[in-house]
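Biologist: I've got a chain open on my screen and a pile of "how do you know?" questions. Can we go through them together?

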Amino acid sequence: MKSIWDSKSLPETKILKKDLHDIDTVVIGAGMCGILTAAFLSAKGQKVVVLEADRIGSGQTKNTTAKITAQHGLFYSKMIKKHGVDSAASYAEANQKAVKQYIDLASSLSIPCDMQILPAALYTNSQDAKLEEEYSAATSLGIDCVLQKGCPLPFRTSSCLLFRNQAQFNPMPFLYKLAENLTIYENSRVINVKEHNVITEHGTISAANIVFATHYPFINIPGFYFLRMHQERSYVIALENADTLNAMYYGIDEDGLSFRNYKSLLLVGGFGHRTGKTDIGNPYRHLQKKATKLWPDSKVVAHWSAQDCVPIDNIPYIGQYSTFRPYWYVATGFKKWGMSTSMVAAQIISDLVLHGTSEHSDIFAPSRKIAPDSYKNLGKEIGQASIGLSKTFLTYPLSGIDTISPGEAKIIHYKGRKIGVYKAPDGTIYPVSVKCPHLSCALSWNPHDLSWDCPCHGSRFDYHGNLLDNPAQTTVRLHSH
């Protein structure tokens, strides 16, 4: 099923079918981050072109829960310990400004995006001390928040930390309004970037600056982002006949869920996992079971999933792509806070392009030093990639397509080749290559979203073999058997 934000109301823009020269900035990616960045630069007189592989907002933007908040889980207490008060304050201020910018833009442009100002809350039933520590950290940074006993949810909570004056909205009308006056080429996938040249299938653009707003950077060297973060899946259901809440809620306990309303619907999220790891059972079924217990009369009217890049030190990478490419810029590693971070990234990158400096750029700089305790996460990323590569060469049990039941997928040897096969309920066979074209890791089957996912770096493909999520740039399609 598609997310409730999914919309076809925006007319298709043109496909790039010619070379363009003397462009100030090319933005690759027409999600929230890319469109905001392009809009800020265009407003300052820059000649900007946006390239999108699919449709505007067709990636993670349409799959967000669309919470705009500086509240990023149990974050600020850890941030102060690892990076110091000044860095934590810079992070907090940048995100609080981002929330206000969304609210101000929606108001000044009269965008009908259902913008609501309300608190963002962390809740717990077992970790009161951690919530108290987060409250102390947040207040020391000037964040307007309050700690209270419990919260009005239909289950027991022992304490609740509310960040005041946060927001939620419908991201698609907001995105479409900002895109109205921009030069955007849709269905124009970037194949490669060389120096100042952005290469697509039917045209090349030469530009002074290039911004990678592609969720996950697809150029491996320089930058080496594939070693510095991984991707995670998260799941959401939309309920009718459930509660209307007075805040956006995020549980910090192991089984904690997230909640927010949109009009008559309640969005419930949870049961996330690393991309390519699907041993937790069916997340949608888990969410529906929880919802039925809490709201017996509720009904699931939509469900969808999203993907998030998680950096090894939990701070997004925003700024120059690499010291070897000072005219390339990147915005990635937004964790689960893509809306506020998209605004932060757009502000920082537009400042860097226009002025060479930005107020909060240091803490997000991709070239920053990594705290020593984050190196264990770097080791995990390298280890996971090694496992994924080794699986590419492992021998799976010799079996044929006839062993696959309808609705099931397996990796098999077939005619001397290792392939992944999904058999649809009607018996139709869909074979794909199980070698990820990004860095050759072995794909695994995701039965919940009917996709082939890479546990190394998070590329995803539908059962036809079409690309769903980067960093891979090509499909894994095979000819039908």
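Biologist: What makes Lys81 count as exposed or buried?

Modeller: Keep in mind that this is a predicted model. Lys81 has 61% relative accessibility, and exposed means over 50%, so Lys81 counts as exposed.

Biologist: And how do you know that Glu133 and Lys81 meet in a salt bridge?

Modeller: Their N to O distance is 2.6 Å. The cut-off is within 4 Å, so the pair qualifies as a salt bridge. Glu133 sits in helix α4 and Lys81 in helix α2, so the bridge ties together parts that are 52 residues apart in sequence.

Biologist: What do you call Glu133 in terms of exposure?

Modeller: Partly exposed, with a relative accessible area of 33%. That value falls between the 20% and 50% limits, so neither of the other two words fits.

Biologist: Let's stay with α2. Which of the residues in this helix are buried?

Modeller: Tyr76, Ser77 and Met79 are the buried residues of α2, which runs over residues 76–83.

Biologist: Why do you say they line one face of the helix?

Modeller: Look down the axis of α2: the buried residues fall within an arc of 165 degrees, so they line one face. These residues pack against α3, α4, β6 and α8. Right after α2 comes Gly84, with a positive phi near 95 degrees.

Biologist: On to cysteines. Why is the link between Cys441 and Cys456 called a disulfide?

Modeller: The S to S distance is 2.3 Å. A disulfide needs the sulfurs within 2.5 Å, so this pair passes. A search of the whole structure finds one disulfide. The two cysteines are 15 residues apart, with Cys441 in the loop between β20 and β21 and Cys456 in the loop between β22 and β23.

Biologist: What makes that disulfide left-handed?

Modeller: The torsion about its S-S bond is about -100 degrees, so the disulfide is left-handed.

Biologist: How do you know that Cys33 has no bond to Cys309?

Modeller: The sulfur of Cys309 is the closest cysteine sulfur to that of Cys33, but the gap is 12 Å, too far for a bond. Cys33 is buried at 8% relative accessible area, and Cys309 is buried at 1%.

Biologist: What puts Asp313 among the buried residues?

Modeller: Its relative accessibility is 4%, and buried means under 20%, so Asp313 counts as buried. Asp313 lies in the loop between β15 and β16, and its side chain makes a polar contact with the side chain of Arg368 at 3.0 Å.

Biologist: Back to charged pairs. Why is Arg460 with Asp469 called a salt bridge?

Modeller: The closest N and O atoms are 2.8 Å apart. That is within 4 Å, so the name fits. Both Arg460 and Asp469 are buried. Salt bridges with shared partners join Arg233, Asp449, Asp453, Arg460 and Asp469 into one network.

Biologist: How many salt bridges does a search of the whole structure find?

Modeller: 15. One of them pairs Lys97 with Glu359, with the closest N and O atoms 3.0 Å apart. Lys97 is in helix α3 and Glu359 in the loop between α7 and α8, 262 residues apart.

Biologist: Last one: what is the chain's average pLDDT?

Modeller: 89, and 91% of the residues score at least 70. Over residues 384–398, though, the pLDDT is below 50.

Technical notes: Residues numbered from 1 in each chain as written. Predicted model: local features only at pLDDT ≥ 70, side-chain atom pairs only at ≥ 80, totals over all residues. Heavy atoms only, no water. Helix = DSSP H or I, 4+ residues; strand = E, 2+ residues; numbered from the N terminus. Buried < 20%, exposed > 50% of the residue type's maximum accessible area, 1.4 Å probe, protein only. pLDDT = per-residue confidence, 0-100. Contact = heavy atoms within 4.5 Å. Polar contact = N/O pair within 3.5 Å; in protein donor to acceptor, adjacent residues only side chain to side chain. Arc of directions from axis to C-beta. Salt bridge = Lys/Arg side-chain N within 4 Å of Asp/Glu carboxyl O.
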